[in-house]
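Colleague: I'm new to this one, and I'd love a close look at a single part of it. Could you walk me through the aromatic rings and how they pair up?

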Amino acid sequence: MTLEPEIERHEPTRIHLLWRGPHTFGDVLEMVGKTDFGIYQVYGPHPASGTDSLLYIGQANDQTFGERFTNHDRREWSPDPWGDNTMLLRFFTGRVHLTQHEQDRGAIDDELWGTYIDMAERLLICVHAPHWNAQGVQGINQEQTGDFDDCHVLNWGTRGSLLPEVSGARHAWKEFERICDDPLEWTTSQAN
């Protein structure tokens, strides 16, 4: 097999997420330690898809999971005078897990750690389209396709209903454009 010389090859960005859960809302509020950063999932009832649906994927990047869940924009999950909605929800937390090679080189810096969390969240939202996520469910913008083209997220542990692996190449226009001249025309012709 001969590789095309004009196509630049990059080492893929592999982001390993180690998932734990399910947690209660109270469990997550207690996650305020120095390793309590990463991606989280929320499951619960949804009128269109049932009682145990993937509702939301979010990140705790500049703050711990516990700090993130006390923010005012998460009040819909916390107890209120009308009842405790959190009794119906389950939460899963995923932390970036370094490979042996990354551990041997030393810990990654905070900037790269944050980039991994941002990329993983974006790709997981794009692939799984949770009900409560408004941004990112339409896919990856053509302008950002280069950032995600070589990105793979591998989900380990108790990952809920997430796929075990998701690939940016599958959801980035750059790869799609390599296999056909006009992606929009090709997609339309396949639908008929």
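Modeller: Happy to! A residue is called buried here when its relative accessible area is under 20%. By that cut-off, both Tyr 40 and Phe 69 are buried, and these two residues are a good place to start. Please keep in mind that the model is a predicted one.

A pair of aromatic rings is described by the distance of the centres and the angle of the planes. Searching the whole structure turns up six aromatic pairs. In one of them, Tyr 40 meets Phe 69 edge-to-face, with 4.8 Å from centre to centre and 70 degrees between the planes. Tyr 40 belongs to strand S2 (residues 38–46) and Phe 69 to helix H2 (residues 65–69), so this pair ties together parts that are 29 residues apart in sequence.

Phe 69 also takes part in another edge-to-face pair, this time with Phe 91: the centres are 5.3 Å apart and the planes are at 65 degrees. Because Phe 69 lies in helix H2 and Phe 91 in strand S4 (residues 90–96), the pair ties together parts that are 22 residues apart in sequence. Like Phe 69, Phe 91 is buried.

Now step back to see how the rings join up. Ring pairs link Tyr 40, Phe 69 and Phe 91 with Phe 25 and Tyr 56 into a cluster.

One more ring deserves a glance, this time for a charge. Arg 90 lies over the face of Tyr 43, at 5.4 Å from the ring centre.

Conventions: Residues are numbered from 1 along each chain as its sequence is written. This is a predicted model: local features need pLDDT of at least 70, side-chain atom pairs count only at pLDDT 80 or more; totals for chains, interfaces and linings use all residues. Side-chain values use heavy atoms; hydrogens and water are left out. Rings of Phe, Tyr and Trp (its six-membered ring) pair if their centres lie within 6.5 Å; planes under 30 degrees apart count as stacked, over 60 as edge-to-face and the rest as tilted. Helices (H or I, at least four residues) and strands (E, at least two) are DSSP runs, numbered from the N terminus. Buried means under 20% relative accessible area, exposed over 50%, partly exposed in between (1.4 Å probe, protein chains only). A charge sits over a ring if NZ of Lys or CZ of Arg is within 6 Å of the ring centre and within 35 degrees of the ring normal.
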